[in-house]
Amino acid sequence: MIRLRPGPPATRTDLRRAQELAALLRGELDRVRAAALAWRNGLGGLLVALVGFSLIRGRSDVSTLAPGWGALVGVLLLAAVVAGVSGALALLRAAHGPLSVTPVAELFPAPLGEHREALAAARALRLGVLLVLACTALLVAAVGVTWYAPGQGPTWA
């Protein structure tokens, strides 16, 4: 039979450490959400600069590309849109929380619930940053293809 007995009393160091940990947990979700807002604004500005100011520009008419290259540009642009929208949604999830209501019976106690939400928000933030950077890379790749892909050869009548 196993007998449980009380351990040694907590020292001042133990109590101070417990208070510091509790304070960290209380502010954890706010720190993650603030970081998500900053990343969302920064990455949004990056994409606006790329698209809005047309800093990178290739051929304006993909029909002048050799056969198949125009389709590749289309696929790259479609992938960029999907990655960009998915990244934006992940960043919004990280900054503002899930788009759902949790039933009261499924709620966790405050410190645990907030910690779980902070972990989920941090995961969404990492995913959002990755997807927006992938969107940027796909946009650059699409423009690169329009620059460097071979054009259609001369047509002989």
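The following paragraphs lead through a predicted model of a protein, from its overall fold to its salt bridges and the surroundings of selected residues.

The protein has 157 residues, and its secondary structure consists of three helices and zero strands. In sequence order the pattern is therefore simply α-α-α, since helices are numbered from the N terminus. Helix α1 covers residues 12-52 and helix α3 covers residues 110-148, while helix α2 runs over residues 69-96. Buried residues make up 26% of the chain. The accessible surface comes to about 11,200 Å², of which carbon and sulfur atoms supply 68%. Contacts between residues at least 6 apart in sequence are mostly of long range: 92% of them join residues at least 24 apart.

The charged side chains offer a first view of how the helices are connected. Two salt bridges are counted in the model. In one of them, Arg 33 pairs with Glu 117, and the closest N and O atoms are 2.5 Å apart. Arg 33 belongs to helix α1 and Glu 117 to helix α3, so this pair ties together parts of the chain that are 84 residues apart in sequence. Glu 117 also forms a salt bridge with Arg 93, with a separation of 2.6 Å between the closest N and O atoms. This second pair links Glu 117 in helix α3 to Arg 93 in helix α2, and the two residues are 24 apart along the chain. Arg 33, Arg 93 and Glu 117 are accordingly linked in a network of salt bridges.

How do the members of this network stand with respect to burial? The cut-off for a buried residue is under 20% relative accessible area. Arg 33 is buried because its value is 18%, and Glu 117 is buried because its value is 17%. Arg 93, at 22%, counts as partly exposed.

The surroundings of Arg 33 extend beyond its salt-bridge partner. Apart from neighbours within four places in sequence, Arg 33 is in contact with Arg 93, Ala 94, Ala 95, His 96, Gly 97, Pro 98, Glu 117 and Ala 121. Among these contacts, Ala 94 and Ala 95 are buried residues of helix α2. Gly 97, another residue in contact with Arg 33, follows helix α2 and has a positive phi, near 95°.

Glu 28, which also lies in helix α1, presents another case of a buried charged residue. Glu 28 has no salt bridge, and the nearest side chain of opposite charge, that of Arg 31, is 5.6 Å away. This distance fails the salt-bridge criterion because that criterion requires a side-chain nitrogen within 4 Å of a carboxyl oxygen. With neighbours within four places in sequence set aside, Glu 28 is in contact with His 115 and Ala 118.

Helix α2 can be followed in more detail. Its 28 residues reach 40 Å from the first C-alpha to the last, close to the 40 Å expected at 1.5 Å a residue. The buried residues of helix α2 are Val 73, Leu 76, Ala 80, Ala 83, Gly 84, Gly 87, Ala 90, Leu 91, Ala 94 and Ala 95. Val 73 has a relative accessible area of 4% and is therefore buried. Leaving aside neighbours within four places in sequence, Val 73 is in contact with Val 62, Leu 65, Ala 142, Val 145 and Thr 146. The C-alpha atoms of Val 73 and Ala 142 are separated by 5.1 Å, although the two residues are 69 apart along the chain.

Ala 79 is likewise found in helix α2, but its relative accessibility of 29% places it in the partly exposed class. Its C-alpha lies 7.4 Å from that of Cys 135, a residue 56 places away in sequence.

Helix α2 also contains Leu 92, which contributes to a nonpolar patch on the surface. The patch is formed by Val 81, Val 85, Leu 89 and Leu 92, and together these residues have about 350 Å² of accessible area. Leu 92 itself is partly exposed, with a relative accessible area of 37%.

Technical notes: Residues are numbered from 1 along each chain as its sequence is written. This is a predicted model: local features need pLDDT of at least 70, side-chain atom pairs count only at pLDDT 80 or more; totals for chains, interfaces and linings use all residues. Side-chain values use heavy atoms; hydrogens and water are left out. Helices (H or I, at least four residues) and strands (E, at least two) are DSSP runs, numbered from the N terminus. Buried means under 20% relative accessible area, exposed over 50%, partly exposed in between (1.4 Å probe, protein chains only). Contact means heavy atoms within 4.5 Å. Accessible areas come from the Shrake-Rupley method with a 1.4 Å probe; for residues, only the protein chains shown count as cover. Lys and Arg count as positive and Asp and Glu as negative; His and the chain ends are not counted. The expected span of a helix is 1.5 Å times one less than its number of residues. Patches are made of residues with over 30% relative accessible area and no salt bridge: like charges are joined within 9 Å, nonpolar side chains (Val, Leu, Ile, Met, Phe, Trp, Tyr) within 5 Å.
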